[in-house]
Amino acid sequence: MSTMTNPQPDEEAVRPESAAASPESVATKPEFAATNLESTAASLEKTAASLEKTETSLETTATSLETTETSLETTATKPESTTAKRRKALRKLFWFALSVLAFVLVYFGLEAYMDYGARVTLAITLAVIVLWVLEPIPFSMTAVLVLFLLPISCLALQRLLSFLSLQA
């Protein structure tokens, strides 16, 4: 009987062709690397162009913001026109006249129902509320006005009562 032996294959015969160092594969690798470098360079150029566009856009936005800021500063420091001042003064005068009208209506409208002190106090309170809500004069001046009107109305009541008692 004969024994069969498997002959060992040669190492070079087992190697795949791609692993073998062929002159063609050596020549292709530098070309592939050059192509890869060219595409990377093109990509970097596109990124640089994009960054330049972004930079110009940011510069334009900054210029626009500076223009808006200077415009707002000039608007804030610009004095009011004379017509606007007149309108504002007329509006304040109208609101003040409205509070005086409220005082007169309450004072004379409740004459038959309340005595003098209650009518005056209610009329002053209503007039002050109108002044506080519409604010034709500052709050502090309105408070001072109340501080003077209430005692004066009380003095007027005393004088009125003394006058009536002298005539009776």
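This briefing covers the helices, the buried residues, the aromatic contacts and one unusual backbone angle. The model is predicted. It has five helices and zero strands, in the order α-α-α-α-α along the sequence. Of its 168 residues, 11% count as buried.

**Overall fold**

- The protein exposes about 14300 Å². Carbon and sulfur atoms supply 66% of that area.
- Take the contacts in the protein with a separation of 6 or more: residues 24 or more positions apart account for 50% of them.

**Helix α3**

- Helix α3 covers residues 82-109, which makes 28 residues. At 1.5 Å a residue the helix should span 40 Å, and its end C-alpha atoms are 39 Å apart, so the two values agree.
- Four residues of α3 are buried: Ser99, Ala102, Val106 and Tyr107. They pack against α4.
- Ser99 belongs to helix α3. Its relative accessibility is 2%, so Ser99 counts as buried; the cut-off is under 20%.
- Leaving out residues up to four places away in sequence, Ser99 touches Ala127, Val130 and Leu131. Those three residues are among the buried residues of α4.

**Helix α4**

- Helix α4 runs over residues 116-134. Its 19 residues should span 27 Å at 1.5 Å a residue, and its end C-alpha atoms are 27 Å apart, which agrees.
- The buried residues of α4 are Tyr116, Arg119, Val120, Ala123, Ile124, Ala127, Val128, Val130 and Leu131.
- Seen down the axis of α4, these buried residues fall within an arc of 155 degrees, so they line one face of the helix.

**Aromatic pairs and a charge over a ring**

- The whole structure holds four aromatic pairs.
- Phe94 and Trp95 form a tilted pair, because their ring planes meet at 55 degrees; the ring centres are 5.2 Å apart. Planes between 30 and 60 degrees apart fall in the tilted class.
- Trp95 has a relative accessible area of 25%, so it counts as partly exposed.
- Tyr107 and Tyr116 form an edge-to-face pair. The distance is 6.1 Å centre to centre, with 90 degrees between the planes. Both tyrosines are buried.
- Tyr107 is one of the buried residues of α3, and Tyr116 is one of those of α4.
- Ring pairs also join Phe103, Tyr107, Phe108 and Tyr116 into a cluster.
- Arg119 places its charged end over the ring of Tyr107, 4.6 Å from the ring centre. Arg119 is itself listed among the buried residues of α4.

**The turn out of α4**

- Glu135 comes just after α4. This residue lies in the loop that leads from α4 to α5 (139-167).
- Glu135 is not a glycine, yet its phi is positive, at about 55 degrees.
- Most residues other than glycine have a negative phi.
- The relative accessibility of Glu135 is 41%, so this residue counts as partly exposed.

**Points to inspect in the structure**

- For the contact between α3 and α4, start at Ser99 and its contacts Ala127, Val130 and Leu131.
- For the aromatic cluster, look at Phe103, Tyr107, Phe108 and Tyr116, then at the charged end of Arg119 over the ring of Tyr107.
- For the backbone, look at Glu135 and its positive phi.

How values were computed. Residues are numbered from 1 along each chain as its sequence is written. This is a predicted model: local features need pLDDT of at least 70, side-chain atom pairs count only at pLDDT 80 or more; totals for chains, interfaces and linings use all residues. Side-chain values use heavy atoms; hydrogens and water are left out. Helices (H or I, at least four residues) and strands (E, at least two) are DSSP runs, numbered from the N terminus. Buried means under 20% relative accessible area, exposed over 50%, partly exposed in between (1.4 Å probe, protein chains only). The expected span of a helix is 1.5 Å times one less than its number of residues. Contact means heavy atoms within 4.5 Å. The arc is that of the directions from the helix axis to the C-beta atoms. Rings of Phe, Tyr and Trp (its six-membered ring) pair if their centres lie within 6.5 Å; planes under 30 degrees apart count as stacked, over 60 as edge-to-face and the rest as tilted. A charge sits over a ring if NZ of Lys or CZ of Arg is within 6 Å of the ring centre and within 35 degrees of the ring normal. Accessible areas come from the Shrake-Rupley method with a 1.4 Å probe; for residues, only the protein chains shown count as cover.
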